[in-house]
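Visitor: I should like to understand how the descriptions of a protein model are justified. Please show me the structure, and let us then reason through some of the terms.

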Amino acid sequence: MKHYEVEILDAKTREKLCFLDKVEPQATIAEIKNLFTKTHPQWYPARQSLRLDPKGRSLKDEDILQSLPVGTTATFYFRDLGAQISWVTVFLTEYAGPLLIYLLFYFRVPFLYGPRYDFTASRHAVVHLACACHSFHYIKRLLETLFVHRFSHGTMPLRNIFKNCTYYWGFAAWMAYYINHPLYTPPAYGDEQVKLALAVFLFCQLGNFSIHVALRNLRPAGSKTRKIPYPTRNPFTWLFLLVSCPNYTYEVGSWIGFTIMTQCLPVALFSLVGFVQMAIWAQGKHRSYLREFRDYPPLRSPIVPFLL
Amino acid sequence: MASSEEDGSGNGSLEEKENGKKRSLGALATAWLIFYNIAMTAGWLVLGIAMARFYIQRGTHRGLFRSVQKILKFFQTFALLEVVHCAVGIVHTSVLVTGVQVSSRIFMVWFIAHSIKQIQNEESVILFLVVWTVTEITRYSFYTFNLLNHLPYFIKWARYNFFIILYPAGVVGELLTIYAALPYVKKTGMYSLRLPNKYNVSFDYYYFLIIVMFSYIPLFPQLYLHMLRQRRKVLHGEVIVEKDD
């Protein structure tokens with residue numbers, strides 16, 4: 001069996017960073033990254049981008065050396081992706097924040113409202129219900145992160161955690177401040193409004209969870225395969241007939257429900273911003289489905305049936 | 001930041017340095033942009049002349065804002081069209097950058113100078129008005145000549161050098177004006193929404209203005225350095241290697 005030689009150059013400066021000889025033809029990019037880390041320990045595999053062309057796309061960890069268009073001396077170009085952090089860590093941090101922050105406002109911990117309100121309780125039933133719903137939502141997200149989701153990528157750039165936490169924690173504090181405020185005004189249409197909103201919220205939470213489970217079941221443990229999701233026996237998944245990313249559709253629905261329940265403008269704004277972001281993600285996902293699968297169902301739109 | 005200096009690419013500029021490709025515009029779009037830029041150059045010239053005349057005749061800046069406010073409001077507000085130009089694609093600049101710049105000008109004109117009449121005679125108002133006038137006359141004539149494919153070097157020189165002084169001067173004028181307005185905002189509680197209300201939200205214009213003032217700290221250096229980089233690229237043909245993201 002012929003062994004390969006691998007040289008790794010810096011993509012920007014073309015400086016020779018590493019030379020590996022006697023590399024197995026069946027070696028994967030992941031294994032080569034590990035070998036590279038040995039000579040440059042500050043560049044752990046997750047922050048390495050190796051490519052055949054300095055301006056081309058990154059090679060995948062699963063790619064096998066002998067299946068690449070290289071001679072027996074392969075040249076790879078290296079780009080540092082910057083400090084990386086695992087998706088799981090980011091999700092847990094960004095979701096734990098709102099859970100705790102909202103509760104600080106709910107229990108009216110000192111320095112948030114005037115001293116005469118410290119540790120008092122709201123006299124509106126809807127405020128207690130809202131706390132339960134908000135907390136439920138983020139506990140659900142934390143549990144899904146730990147037990148349901150199967151991530152395609154292990155890591156993301158470190159700066160994302162600061163960006164994401166500012167967004168989630170900031171908005172959580174902003175809405176929690178008003179909902180739990182001593183001068184909070186309950187919904188204009190009273191119990192009817194709250195009941196309807198709760199129904200919408202619960203329906204969408206169940207829907208969102210159903211989609212997450214369906215997506216998990218599409219992909220075997222440890223694999224990174226991608227398949228077209230289809231409706232299952234669970235009626236909540238029938239939204240797949242009309243939409244590529246029903247998880248986002250249900251998520252927006254949940255927040256619309258919460259907005260109606262609390263009749264709070266900051267919640268409406270959070271829902272709107274979330275919707276815009278999720279619509280962008282859904283468009284991207286929809287387009288990559290179309291590119292990857294010839295037989296992708298034509299009736300589906302990215303996030304809103306027939307419209308968007 | 002109300003300076004309105006954006007990316008080196010002008011309105012439908014045919015000397016696009018960004019990717020070396022020539023972008024061609026339809027005849028109608030070109031005609032409209034030429035008209036627009038000539039009109040704006042003229043408008044700001046008229047404003048500049050009106051300000052100079054007032055000062056020469058009266059010897060004071062008191063009442064100057066009141067006397068030129070109609071022209072200022074008309075032409076500065078009309079600049080909202082520039083966001084549309086970017087959105088439609090006849091100008092190759094980001095909608096977001098243009099939006100931010102035009103918005104900050106609109107904010108200063110309508111939400112500070114117009115609404116808080118007590119500060120209209122502050123010297124800082126004259127400072128930013130003069131800065132804006134010089135900046136806009138330079139900028140719009142630059143675009144006009146660019147579209148006509150006859151750009152005199154001195155206009156290009158002015159557009160990429162005046163900002164070095166004008167930009168910081170404008171920021172000083174704007175910040176001092178907002179600062180002067182603060183006591184009046186606090187006293188009247190204007191543009192503020194208090195609890196309780198049915199939207200369960202509150203807004204305090206006074207604290208909002210303080211936040212706006214602090215936001216100049218991160219924003220100004222970024223925009224200033226961006227302009228310096230553009231200047232080096234356009235005037236000195238430096239090849240700038242952009243930081244990868």
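Visitor: How do you know that the span of helix α7 (residues 265-292) of chain A agrees with its 28 residues?

Guide: This is a predicted model, and the values are computed from it. At 1.5 Å a residue, the expected span of α7(A) is 40 Å. The end C-alpha atoms of α7(A) are 40 Å apart, so the two values agree.

Visitor: Which residues of α7(A) are buried, and what covers them?

Guide: Among the buried residues are A:Pro266, A:Phe270, A:Gly274, A:Met278 and A:Tyr289. Their cover includes α3 (125-147), α4 (159-179) and α6 (246-262) of chain A.

Visitor: What makes α6(A) roughly antiparallel to α7(A)?

Guide: The two helices pack at an angle of about 175°, and their axes are 9 Å apart. Angles over 145 degrees count as roughly antiparallel, and therefore α6(A) is described in that way relative to α7(A). Residues of α6(A) including A:Trp255, A:Ile256 and A:Thr259 take part in the contact, and on the side of α7(A) the residues include A:Val267, A:Phe275 and A:Trp281.

Visitor: Why is B:Thr144 called buried?

Guide: The relative accessible area of B:Thr144 is 7%. Buried means under 20%, so B:Thr144 qualifies as buried. B:Thr144 lies in helix α5 (residues 123-147) of chain B.

Visitor: What does B:Thr144 contact, leaving aside its neighbours within four places in sequence?

Guide: B:Thr144 is in contact with B:Asn37, B:Ile38 and B:Thr41. In addition, its side chain reaches the backbone oxygen of B:Tyr140 at 2.7 Å.

How values were computed. Residues numbered from 1 in each chain as written. Chains lettered and ligands numbered in written order. Predicted model: local features only at pLDDT ≥ 70, side-chain atom pairs only at ≥ 80, totals over all residues. Heavy atoms only, no water. Helix = DSSP H or I, 4+ residues; strand = E, 2+ residues; numbered from the N terminus. Expected span 1.5 Å × (residues − 1). Buried < 20%, exposed > 50% of the residue type's maximum accessible area, 1.4 Å probe, protein only. Contact = heavy atoms within 4.5 Å. Polar contact = N/O pair within 3.5 Å; in protein donor to acceptor, adjacent residues only side chain to side chain. Axes fitted to C-alpha atoms, helices over the stretch in contact; angles between N-to-C directions. Parallel < 35°, antiparallel > 145°, perpendicular 65-115°, else oblique.
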